[in-house]
Amino acid sequence: MKRKLLRQILNEWTSNLWLAIELLIVSVVMWWLCDQLWVSEAVYREPLGFDYSHCYRIEVDELTPQSPDFKQYTDREARIDDFIELMRRLEARPEIEAAGNGVNSYFYNHSNSGIALCIDTLRADGWVVKRLVTPGFIKVFRICGANGETPEQLAEILAKSPSSSFMAPDNMFRNKYGIQSMRDFVGKTFYEDMDSSALTLTATYKPLRYSDFQSMYGNETSVIIPILSKGHMGYINEAVVRVKENMDKDFAERLMLDANDRLRVGNWYISSVDSFDEIRRTFIMGDTQKRINLIAGSLFLLLNIFLGVLGTFWFRTSQRTREIALRVANGATRRDIFRRVVSEGLVILLAVTPIAGVIDWLLTHYELNAFYMGTFFQPIRFFGCIILVVALISFIILIGSCIPAMKAMKISPAEALKTE
Amino acid sequence: MTNYIKQAFSSLRSQPLVSWVGISGTALAIFMIMAVVMLEEVKTNPFAPESNRDRWLVQRYASITNEAWEGKGEGNGPMSYDMIKKVFYAMETPEAVTATTGGCRQALLSETSGKAFGAKMLDVDHGFWKVMDFSFIDGAPFDKGEFEAGKAVAVLSESTARRLYGTTQAAGRELNINHAPYRVKGVVRDVSTLAPDTYADIWVPYTTTNAADMVWNDHMGILGAIILPKSKADIPEVRKEYTRLMDEYSRGAAINGWKFIQRERPYDQETAVNTPWANVGPDMKSVRKKRYVTWAILLLVPAVNLSSMTHSRLSRRREEIGVRRAFGARRSTILAELFTENLIITVIAGIIGMILSVVFAAYGAESMFEPAAAGGVVNGLTPGMLLSWKTFGLAMLFCFILNLVSASLPAWQASRTDVVNALAGKK
């Protein structure tokens, strides 16, 4: 049976060659797509390090001299006091669990400040985001300490820290130097590379990711620097709040109802309230779109395989009517006929898989596939994707050759051989 | 030609399933390629109000470093009002120049005594109305005098005007924006969220807001610029003037140790959309390489598929080709006929694929396009934004390439059929 099958495949080599070429191209491209999706999914599943649920960004703005209500502050401190009062009123609302502020710091936001921190010969790698925040920020996003500190405890540490201090993620030196934890550096003084100012590390926290599609093993990391003095508060441009679990409903609308009176202090007013669910959705839209495109590309290739197999075997079955009839007349069961038609496609796929595997390996060798956890080649990912691709294509071949196989099963020997 | 069409249709009818497979495969390939092209074109195709995308030059950000930083860092971001004035507003060769805050931001809007609601506001200048192509339903844009005097005037989108006043005839009426009184200067047609440089609900002079004061040093602030050359031919001249003014400005900045990192700015629209990060320069070579590889794969797989189908279809017609050859038909004639016949089928499938892509874009816009503006939802999509003669031409070109790749080899083999063997039914 097997020898006959191979002989038949060889006899039809010209049309099988087309199918083999198609399967080879699709196997390689599908492997690449699968590799990209694998990494994208693995990154997506990494812990974010913060919790954005029930969180809102409140856009706080200042009146301009155009407004009749504009207040000309006589001193800088009075302006800050008004801002602090607005934040106090916000925090006092029954639905709000925590409120915080930051400068270019909130999550899902491309507008960031960077910092380069060094200690001895060690320098934090890549892009280090400087999150200049008040202690409330930690409670809003429920950032946890690397030693198991709760957000409240971590916020307490930040509140007691001097302004020339910082908190670091536990993985700050992990990718570059293989230093697994920053705990041993707590209490030590780091230097800002650009202006040599000294900052003391007060605590470490669980790694914070930049977004759902950026890995903690990637090039971005962040440090937290406290805003404690009124001097720093003048630069605050962000207000974030966490709403109690059962109080999300119409929160933004209810807050905006008070925007014109209770939530206006001096020149400060609230212009909008946006949920972090929505901010996140907009922020990751490009990456989500990329993922959809990869899936659409895979479906396109699989559909092509389906059409190719369907067309080739339909045509082949029509050509082999008499031969199939002869085999039925010689005792072949309908199941044998079905199996023969279906097996042809699968054997061709198995024949091209090792070649596709070599090309896949070349793609990893020349670093043309996805980079993850410091490498282009991870055995589980590499072979996992090959197995997945073979399984998917086999399934499509099975469906595509089913229709011609059914047709072949229905061939009546008497009818087909009556002219012989 | 009529014969070719008849032949093509009878060939399709003789093997309905194989024909269906062939047409579906081609339509699917064209659909995918057109969808990919549309995804790119919607960011670069000119459509109102961004009708001049094909010739404008964009500089959203500047990059700067300081001697004191000893090469260890740089600052990236939008520009200050001072830099805009001294470099962009000082230009004389372009038709117009505009500076805006780039993307819209949230503003609190209310009719003088009414309930407040949030709206997207874009801070712009008087040049904005010359560079962009807005349709005014009522009133007019604000002018240079009003902009420079910081007059509190605003242009509203028609849906914002309706929401505020229940009508689009709102020019001259009063409203509050961020608790400051403004007067409506004009009302324009709504703008799609796919037009990131113009999308907003309300446009105000940035001299009336705090946009010009928001700076982090003399050169960096929150403004970006778009230069509109008189024609495409004027672009080199405009670049020359820009470079001269930028050099002049850099010399002034160098007194305090500042040095600009130019990164080939300003960019044309295609380069601008493919260079999203201020700290990374353009790499159009790799963008194009990636694009061509994607197109090649999207074409190659169906081409192999179709070649296989064509090969099978033509091997059934060996006897017919043998007879025609016996009666004196030349190989080149048979090759041309088979090729044309296949092209007709491919074009039919191509048109189906193109219609499919437009229908999908219209109904699946939310999942297909990324709204570049801060609305988060795709709206205002019109066929005119997606379909252009260029797109149509591309679709036809893809059809042609697909046909060439898929039909060439089988048609060439068929045309070389040995007459005696073909008539005897041998291979």
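**Exercise 1. Find how far apart the two domains of chain B sit, and which residues each one takes in.**

Solution. Keep in mind that this is a predicted model.
- Start with the distance: taken over C-alpha atoms, the centres of domain 1 and domain 2 of chain B are separated by 44 Å.
- Now the bounds. The domain assignment gives chain B a domain 1 made of two segments, 2-47 and 285-423. Domain 2 of chain B covers 57-273.

**Exercise 2. Do the same job for chain A, then describe the contact between its domains.**

Solution.
- The assignment for chain A puts 2-47 and 285-416 in domain 1, and 71-266 in domain 2.
- Their C-alpha centres lie 51 Å apart.
- Next, count the contact: eight residues of domain 1 of chain A meet seven residues of domain 2 of chain A.
- On the domain 1 side, α2(A) gives the most, with three residues.
- Sort that side by class and you get four nonpolar, two polar and two charged residues.

**Exercise 3. Work out how the radius of gyration of chain A stands against that of a compact globule.**

Solution.
- For 420 residues, a compact globule would come out near 22 Å. Chain A has 32 Å.
- Check the box next: along the principal axes, the C-alpha atoms of chain A fill roughly 110 × 55 × 35 Å.
- Inside that box, chain A carries 14 helices and twelve strands.
- Buried residues account for 40% of chain A.
- Finally, look at contacts in chain A with a separation of 6 or more: 81% of them are between residues 24 or more positions apart.

**Exercise 4. Describe the side of chain A that touches chain B.**

Solution.
- Begin with the count: 41 residues of chain A are in contact with 38 residues of chain B.
- Then list the elements of chain A that give two or more residues to this side: α2 (13-45), β1 (55-62), β12 (268-275), α9 (276-283) and α10 (285-319).
- Which of them gives the most? That's α10(A), with 15 residues.
- By class, this side of chain A has 20 nonpolar, 14 polar and seven charged residues.

**Exercise 5. Decide whether β12(A) is enclosed or open to the outside, and find its strand partner.**

Solution.
- Count the buried residues: six of the eight in β12(A) qualify, so this strand is largely enclosed by the rest of the structure.
- For the pairing, look at β1(A), which runs antiparallel to β12(A) and is joined to it by seven bridges.
- To pin down the register, take Glu62(A): its bridge partner in β12(A) is Trp268(A).

**Exercise 6. Trace the strand pairings of chain B.**

Solution.
- Strands of a sheet pair through backbone hydrogen bonds, in either a parallel or an antiparallel way.
- Take β2(B) (residues 62-66) to begin with. Three bridges join β2(B) to β3(B) (residues 75-77), and the two run antiparallel. Here Ala62(B) stands opposite Gly77(B).
- β2(B) also pairs with β13(B) (residues 258-261), again in the antiparallel sense, over four bridges. This time Asn66(B) faces Trp258(B).
- Move on to the open sheet of four strands in chain B, ordered β4-β12-β1-β14 with antiparallel pairing. Its edge strands are β4 (96-100) and β14 (267-268), each of which pairs on one side only.
- Within this sheet, β1(B) (residues 57-59) and β12(B) (residues 224-228) share three bridges, and Leu57(B) has Ile227(B) as its bridge partner.

**Exercise 7. Is Thr271(B) buried or partly exposed?**

Solution.
- Place the residue: Thr271(B) belongs to helix α8 (residues 269-273) of chain B.
- Count neighbours: Thr271(B) has 19 C-beta neighbours inside 10 Å, so it counts as partly exposed. Being buried takes 20 or more.
- Setting aside residues up to four places away in sequence, Thr271(B) touches Pro282(B) and Met284(B). Pro282(B) is eleven residues from Thr271(B) in sequence and 6.6 Å away in space, C-alpha to C-alpha.

**Exercise 8. Identify the residues that touch the most other members of the largest nonpolar core.**

Solution.
- This core has 207 residues, and the ones to pick are Ile393(A), Ile30(B), Ala154(B), Ile177(B) and Ile202(B).
- Zoom in on Ile177(B): among the residues it touches beyond four places in sequence are Ala107(B), Met121(B), Tyr182(B) and Val204(B).
- Another core, of six residues, lies apart from the largest one and includes Leu314(B) and Ala414(B).

Definitions and conventions. Residues are numbered from 1 along each chain as its sequence is written. Chains are lettered from A and ligands numbered from 1 in the order in which they are written. This is a predicted model: local features need pLDDT of at least 70, side-chain atom pairs count only at pLDDT 80 or more; totals for chains, interfaces and linings use all residues. The radius of gyration is taken over C-alpha atoms; the globule rule is 2.2 Å times the number of residues to the power 0.38. A residue is buried if 20 or more other C-beta atoms lie within 10 Å of its own, exposed if 12 or fewer, and partly exposed in between; C-beta atoms are placed from the backbone. Two residues are in contact if their C-beta atoms, placed from the backbone, lie within 7 Å. Ala, Val, Leu, Ile, Met, Phe, Trp, Tyr, Cys and Pro count as nonpolar, Asp, Glu, Lys and Arg as charged, and the others, Gly among them, as polar. A nonpolar core is a set of buried Ala, Val, Leu, Ile, Met, Phe, Trp, Tyr and Cys residues joined through C-beta atoms within 7 Å. Domain bounds come from an automatic or database domain assignment. Two strands pair if DSSP finds at least two bridges between them.
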